[in-house]
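User: I'm new to this one and would like to go through it step by step. Can you show it to me first?
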Amino acid sequence: MTDQPKWTPGPWRYDRTNGSPTTGEHMIAGAKPGYLAEVRDCGSGDVRANAHLIAAAPDMAEALEKALNFITNTESEMGETLPCGDAARAALAKARGETK
């Protein structure tokens with residue numbers, strides 16, 4: 001459907017650690033050694049929940065691509081655009097950095 005994303009391939013995982021002083025407590029790890037991101041508590045929400053959401057991002061993007069394929073085929077058969085298709089397209093564009 002689209003070009004392959006440039007982000008680090010999944011799976012990603014939440015890794016709660018209290019490693020060295022340079023490693024945070026809520027980390028996102030990929031398939032290769034090392035960490036992709038550190039999630040910090042800035043007082044805006046549940047940092048653990050945010051970390052789990054971020055770790056699920058590659059899986060959600062893949063699932064949304066598959067769902068969008070189904071939605072697009074359904075739209076073609078119906079001859080109309082479904083609101084869920086617009087939302088899926090917008091979310092994937094945001095993930096790819098195609099929106100401001």
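User: Let's start with a single residue: is Asp86 buried, partly exposed or exposed?

Analyst: Keep in mind that this is a predicted model. The relative accessibility of Asp86 is 43%. Buried would need under 20% and exposed over 50%, so Asp86 counts as partly exposed.

User: Which residue does Asp86 meet in a salt bridge?

Analyst: The pair sits in helix H3, with its two members three residues apart. That spacing puts about one helical turn between them. The N to O distance is 3.6 Å, and the partner of Asp86 is Arg89.

User: What other side chain meets Arg89 in a salt bridge, and which helix is it in?

Analyst: Here the N to O distance is 2.6 Å, and the partner is Glu75. Arg89 belongs to helix H3 (residues 83–95), so the bridge ties together parts that are 14 residues apart in sequence. The helix on the other end, where Glu75 lies, spans residues 57–78 and is H2.

User: Which residues do the shared salt bridges join into one network?

Analyst: Arg89 meets Asp86 in one salt bridge, and Arg89 meets Glu75 in another. Sharing partners links these bridges into one network, made up of Glu75, Asp86 and Arg89.

User: Is Glu75 buried or exposed, and what about Arg89?

Analyst: Glu75 has 9% relative accessibility, which is under the 20% cut-off, so Glu75 is buried. Arg89 comes out at 30%, and that makes Arg89 partly exposed.

User: How many salt bridges are there in the whole structure?

Analyst: Besides those around Arg89, Glu38 forms one with Arg40, where the closest N and O atoms are 3.3 Å apart. Glu38 is partly exposed at 34% relative accessibility, while Arg40 is exposed at 60%. Searching the whole structure gives a total of six.

User: Stepping back, in what pattern do the helices and strands follow each other along the sequence?

Analyst: The chain has three helices and three strands. Read along the sequence, they give the pattern β-β-β-α-α-α.

User: Which strands stand at the edges of the sheet?

Analyst: The sheet is open, its three strands pair antiparallel, and their order is S1-S2-S3. A strand at the edge has a single partner strand, so one of its sides has no neighbour in the sheet. The edge strands are S1 (13–16) and S3 (35–38).

User: What is the average twist from one strand to the next?

Analyst: The twist belongs to the open sheet with the order S1-S2-S3. From one strand to the next, it averages 35°.

User: Which residue in S2 stands opposite Asp15?

Analyst: S1 and strand S2 (residues 26–29) run antiparallel and are joined by four bridges. The residue in S2 that stands opposite Asp15 is Met27.

User: At roughly what angle do the axes of H1 and H2 cross, and what is that arrangement called?

Analyst: Two packed helices are described by the angle and the distance between their axes. For helix H1 (residues 47–55) and H2, the axes come within 5 Å and cross at roughly 50°. That makes H1 oblique to H2.

User: How many of the residues in the contact of H1 with H2 are nonpolar, polar and charged?

Analyst: On the H1 side there are Leu53, Ile54 and Ala55, and they meet Ala57, Pro58 and Met60 in H2. The division is six nonpolar, no polar and no charged.

User: Which residues beyond its sequence neighbours is Val47 in contact with?

Analyst: Val47 lies in helix H1 and counts as buried at 10% relative accessibility. One residue to look at is His26: the two are 21 residues apart in sequence, and 7.6 Å apart from C-alpha to C-alpha. Setting aside neighbours within four places in sequence, the contacts of Val47 are His26, Val39, Arg40 and Asp41.

User: How far apart in space are Ala95 and Ala61?

Analyst: Ala95 is in helix H3, and its relative accessible area of 45% makes it partly exposed. In sequence, Ala95 and Ala61 are 34 residues apart, but from C-alpha to C-alpha the distance is 7.9 Å.

User: And what percentage of the chain's residues count as buried?

Analyst: Val47 is one residue that counts as buried, and Glu75 is another. Taking the 100 residues of the chain, the buried share is 25%.

Definitions and conventions. Residues are numbered from 1 along each chain as its sequence is written. This is a predicted model: local features need pLDDT of at least 70, side-chain atom pairs count only at pLDDT 80 or more; totals for chains, interfaces and linings use all residues. Side-chain values use heavy atoms; hydrogens and water are left out. A salt bridge is a side-chain nitrogen of Lys or Arg within 4 Å of a carboxyl oxygen of Asp or Glu. Buried means under 20% relative accessible area, exposed over 50%, partly exposed in between (1.4 Å probe, protein chains only). Two strands pair if DSSP finds at least two bridges between them. Axes are lines fitted to C-alpha atoms, for helices over the stretch in contact, and angles run from 0 to 180 degrees between N-to-C directions. Angles under 35 degrees count as roughly parallel, over 145 as roughly antiparallel, 65 to 115 as roughly perpendicular and the rest as oblique. Contact means heavy atoms within 4.5 Å. Ala, Val, Leu, Ile, Met, Phe, Trp, Tyr, Cys and Pro count as nonpolar, Asp, Glu, Lys and Arg as charged, and the others, Gly among them, as polar.
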